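Here's a quick briefing on aromatic rings and the company they keep. Take a look at the model first, then come back for the rundown.

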Amino acid sequence: MTTTAASTTTTLMLVGGSHRTVPLELRERLAFSSEQAALALGQFRDRFPGCEAVLLSTCNRVELYAAGEPESAALEAASLVTFLADCRGLETTRLEPVISRVQDEAVVRHLFGVAAGLDSMVLGEPQILGQVKQAWTLAREAGTVGPLTAGMFQAALRAAKRVTTETGVGRERTSIPSVAVADFAAAVFETFADKRVLLIGAGKMATETLRYLREAGARDVTVLNRTASRAVELAARLAARPAAFADLASELAAADLVVSTTGADEPVVSLAAFREIASRRQGRPLVVLDLAVPRDFDPRIGDLPNVWLYSVDDLAAACDANRKSRQREMPAALAIIEEETLRFMADMHHRTTAPVIEQLKAGWSETGEAELERLFRRLPDLGETEQAEIRQAFERYAAKLLHPPLVSLRSESRSGPPHGLVDALKRLFQLGE
Amino acid sequence: MNVIMTTFLSGISVVCFAASYAVALGCEASRLLFRSGVRSMVMVGFASAGLLAHTLYLGWRAATESAVPLSSPADLYLLLAWLLAAGYLWLTLANPRTPVGLFLLPIVLGLVGVATFAPDVPSPLLQDSTSRAWGWFHAALHLVWTVAVVLGAVAGAMWLIQAGRLARKRPPTRGFRMPSLERLALVMHRTLAIAAWAAAAAFVSGIILNAIQYRRGAAESVPWTDLVIVRMGIMVIWLIAADAVALAMRRRPRGDRVTAWLAVVSLLVMVGWIAWGFAIPSRHGGGVMVRPAEALAEGGP
């Protein structure tokens, strides 16, 4: 890969689309599997030699990040859109209206926001960070990364980590099963390892909730279904114990946590029936996650002492509150993204001055060495220690002289490539191109 | 001990560690307002600095008192505050996301405040080794039951807040994540039991100590009708009754809620018990007529 970062004309480019801009039907056709992405990056390398590229493809976005010389074909947005269309066998005209094109600093800002989950469908979701890492690894293996994309993706991971640790954007849970287990059931029980979990019915939501409960340590799980054979089948699939529906009352009396998702039209457990069951529970707390619509448990059961009953609506409201809580953290998260973007851009601009600084240092060092040689010839009695002291003094003097222009260059880099200063240095010290 | 060290130790005042605890409390309160990556470090840093200053202060007083070390009411309130501050630090390090300091630190600061108004003259009692041993035992038991009451009340308050949040079906408030009801209930039951039995033992040991003093004809013995004995008796009865009710309710649906309220009210009763000690004079603590807060002079608040 040709190094382009040091060039003063390096350009960053992004073409792609996300759930915000590209319809699902087109997104499905545009998406790349890992193998397809590796193949595409190989084609990119051949089609745009000397340019860098990383391809990020998830179920919600397909984005091609490229870096190179602006006059090269790769850094023309139209070429990149055509490349994407060719890779997926799509007509360019279909992509043109929905594909976003972003350049330079905006690319960095966008990537940092994406890595932090700020552009995700579920704000702050953490999976995107892993997908960004995967995309980066894939590009590295395909040999399409260079110093600029490497620096940008590493900075993106750092920005995402800062957003995670310094804000609450990704902290509160937003899915019903995760909220049910982490925010409610875990607030009642210290551990699930010694608790008895009862699954009534086995809808998709119940099995997902059971997954979270298993992760939290639940071991003793009973599955209860109206059809005995179905209960046995479900129990085998969920590594649980089957029970007959006729034993509902005794199972409820023994349970600590109930997840209910039957398709019944009427409540499966009435208030009167539960009162009778409650008398056999010896006051033990019971958490009921009633995920069925219509509800399986009479809502008045939740008013009984030591019964914590949550319906889908209750949990959805909690999820919504958590989502709003995440939204409130957005300004803080965006401030971090902005700060990291400016820092990265300043570093990038500063790196463009490296050749001039090297030339300057080399020139001064050469002159210094020549003067030292002349001095040592005229003072032949100097010992090795004295010579070393004088040499160090020269080096310190050169470093101190060089310090102010370096500070000025770094300072100027914060507001863009310091072309003016670099040109001035070249002319003042007669440095070559 | 060299002069510099002596000057340093004698320069540590109550304000030093009270200010550190107050900053730690401010950090705890700020959890409710904003997130910060460095807050935990600042909070633990100030709490640790406060605890260190607190330890040195008590150590200096113990080393320089002429009578029974740390036997004055003021010292014993400070010792109680030290135990609670150490407990706070341990709990915070073990459970960094639980804002236990919001509950414990105000009590620590309150005790430090009470100590500044309490007499700081060490007990002239307990001249012989038997009396002194009983005195230490009596004081240690007082510390145990008071710490247990405070921890139980904190757990009870947390239980009520957590249960209220679960009943309202609201997700946890930012920076205000409470332990589970199960864990809090366990702490409440254990601390109520410990408080009841330690208070009873403290009462009995105080009676024995007084009987020893009385048999020797010591002028410092407390009259059997002294209000300090009545006051402690009432406290013991309350704590034993609270524990008995909590035990009886344990397998009832409202059992944990009742226990939580009993734990919180026990702290209020203890606060009243301390205030009573300040208000009514007693002979407890020596041959001179002193305020009953000097009950602490023998090892009991």
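What follows covers ring pairs in chains A and B, then charges over rings. Keep in mind that this is a predicted model. Across all chains, a search of the whole structure turns up 14 aromatic pairs.

**The phenylalanine pair in chain A**
- A:Phe48 and A:Phe83 meet edge-to-face, with 5.9 Å centre to centre and 75° between the planes.
- This pair bridges distant parts of the chain, 35 residues apart: A:Phe48 is in the loop between helix H2 (34-47) and strand E2 (52-57) of chain A, while A:Phe83 belongs to helix H3 (residues 77-88) of chain A.
- As for accessibility, A:Phe48 and A:Phe83 are both buried.
- A:Phe44 joins in too: ring pairs link A:Phe44, A:Phe48 and A:Phe83 into a cluster.

**The tryptophan pair in chain B**
- The ring centres of B:Trp145 and B:Trp273 are 5.2 Å apart and their planes sit at 75°, so this one counts as edge-to-face, given that the cut-off for that label is over 60 degrees.
- B:Trp145 comes from helix H6 (residues 129-167) of chain B and B:Trp273 from helix H9 (residues 255-279) of chain B, so the pair ties together parts that are 128 residues apart in sequence.
- B:Trp145 and B:Trp273 are both buried.

**Charges over rings in chain A**
- A:Arg88 parks its charged end over the ring of A:Phe32, 5.3 Å from the ring's centre.
- A:Arg211 lies over the face of A:Tyr212, and here the distance to the ring centre is 4.9 Å.

Technical notes:
Residues are numbered from 1 along each chain as its sequence is written. Chains are lettered from A and ligands numbered from 1 in the order in which they are written. This is a predicted model: local features need pLDDT of at least 70, side-chain atom pairs count only at pLDDT 80 or more; totals for chains, interfaces and linings use all residues. Side-chain values use heavy atoms; hydrogens and water are left out. Rings of Phe, Tyr and Trp (its six-membered ring) pair if their centres lie within 6.5 Å; planes under 30 degrees apart count as stacked, over 60 as edge-to-face and the rest as tilted. Helices (H or I, at least four residues) and strands (E, at least two) are DSSP runs, numbered from the N terminus. Buried means under 20% relative accessible area, exposed over 50%, partly exposed in between (1.4 Å probe, protein chains only). A charge sits over a ring if NZ of Lys or CZ of Arg is within 6 Å of the ring centre and within 35 degrees of the ring normal.
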